[in-house]
Amino acid sequence: MSLKSRLIVGISGASGAIYGVRLLQALRDLPVETHLVMSKAAEMTLAYETEFKAKDLRALADHWYPVADVGAAISSGSFQTLGMIIAPCSVRSMAEIATGVTTNLLTRAADVVLKERRRLVLMVRESPLHTGHLRNLTALSEMGAIVAPPLPAFYTKPQTVADIVDHSVGRVLDLMGIDSGLVKRWGGAVPAKGKKPAGRTRQKQKKRQPVQT
């Protein structure tokens, strides 16, 4: 397997643990080697919000590491990866990454991805955001991270929560150059003959009258 097919998956304690679960499930069917690290708070949130246990997620990953193991392979820039997705990303983890003051393997691995100029995607889950949050998000964007809050796309006409989750997970995998097959793409369907395409349309412009001189 190519070294470039390695992907670090981080799961922190924000609400939305299902995004991390679904991300790992989607990657199981793709030629990607996954390296998982979960915070202790993530394990708590997982238990509150889903029927999954931490051991279930570890079983989905190719490799996993204790969050306190700051000497793990993913803590070094010499360990080559595509980058890292944190799904979901709490504001605490976001703040540690933004400042470079990391306290565990999850945020250390993200810091390494940034310093090596690899792709870091953060599915930040918090609302509303105060000015301190926004400053940290700006700092991360300036450092090269991609901030990708898991916001639903209603043009896909989702029927279930699972549809919304799948689309968000598929879109962040798109950011890594990985086509998961989960995304309903805008403009992908060709409208039937004689019918207007669904979605965004331009307003019909009024016919301009000739200017009399």
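Which residues does leucine 173 touch, not counting residues up to four places away in sequence? In the predicted model, the contacts of leucine 173 are Leu7, Leu23, Ala26, Leu27, Ile85, Ile178 and Ser180. Two of these partners, Leu27 and Ile85, join Leu173 as the residues with the most contacts inside the largest nonpolar core, a set of 31 residues. Two or more residues of this core come from each of β1 (6–11), α1, β2 (33–38), α2 (40–49), α3 (54–60), β4 (83–89), β5 (119–124) and α7. The greatest contribution is that of α1, which supplies seven residues. A second core, separate from the one just described, comprises 26 residues, among them Tyr65, Ala109, Ala110 and Val113.

The overall architecture provides the setting for these cores. Seven helices and six strands make up the secondary structure of the protein chain, and their order along the sequence is β-α-β-α-α-β-β-α-α-β-α-β-α. The protein chain has 213 residues, of which 45% count as buried. Among contacts in the protein chain with a separation of 6 or more, 76% are between residues 24 or more positions apart.

The packing of helix α1 against helix α7 was examined in detail. Helix α1 spans residues 17–28 and helix α7 residues 161–175; their axes lie 10 Å apart and form an angle of about 65 degrees. The crossing of α1 past α7 is right-handed. On the α1 side, the contact is made by Ile18, Tyr19, Arg22, Leu23, Ala26 and Leu27, and on the α7 side by Val165, Asp166, Ser168, Val169 and Leu173. By residue class, this contact consists of eight nonpolar residues, one polar residue and two charged residues.

Leucine 23, a residue of helix α1, illustrates the environment on this side of the contact. With a relative accessible area of 1%, leucine 23 falls under the 20% limit and is therefore buried. Beyond residues up to four places away in sequence, leucine 23 touches Val9, Ile85, Ala87, Val169 and Leu173. Of these, Val169 and Leu173 are also among the α7 residues that make the helix contact. The C-alpha atoms of leucine 23 and aspartate 166 are 8.4 Å apart in space, although the two residues are separated by 143 residues in sequence.

A buried position is also found at threonine 107, which belongs to helix α5 (residues 105–115). The relative accessibility of threonine 107 is 1%, and this residue therefore counts as buried. Its contacts, with residues up to four places away in sequence left out, are Ser93, Glu96, Ile97 and Thr102.

Aromatic pairing was considered next. A pair of aromatic rings is described by the distance of the centres and the angle of the planes. One aromatic pair was found in a search of the whole structure. In this pair, the ring centres of tyrosine 155 and tryptophan 186 are 5.3 Å apart and the ring planes stand at 90 degrees, so the arrangement is edge-to-face. Tyrosine 155 is located in the loop between β6 (146–147) and α7, whereas tryptophan 186 is located in the segment after α7; the pair therefore ties together parts 31 residues apart in sequence. Tyrosine 155 has a relative accessibility of 37% and counts as partly exposed. Tryptophan 186, at 42% relative accessibility, likewise counts as partly exposed.

Notes: Residues numbered from 1 in each chain as written. Predicted model: local features only at pLDDT ≥ 70, side-chain atom pairs only at ≥ 80, totals over all residues. Heavy atoms only, no water. Helix = DSSP H or I, 4+ residues; strand = E, 2+ residues; numbered from the N terminus. Buried < 20%, exposed > 50% of the residue type's maximum accessible area, 1.4 Å probe, protein only. Contact = heavy atoms within 4.5 Å. Axes fitted to C-alpha atoms, helices over the stretch in contact; angles between N-to-C directions. Left-handed = near helix turned anticlockwise from the far one by under 90°. Nonpolar A, V, L, I, M, F, W, Y, C, P; charged D, E, K, R; others polar. Core = buried A, V, L, I, M, F, W, Y, C linked by side-chain atoms within 4.5 Å. Phe/Tyr/Trp six-rings, centres within 6.5 Å; stacked < 30°, edge-to-face > 60°.
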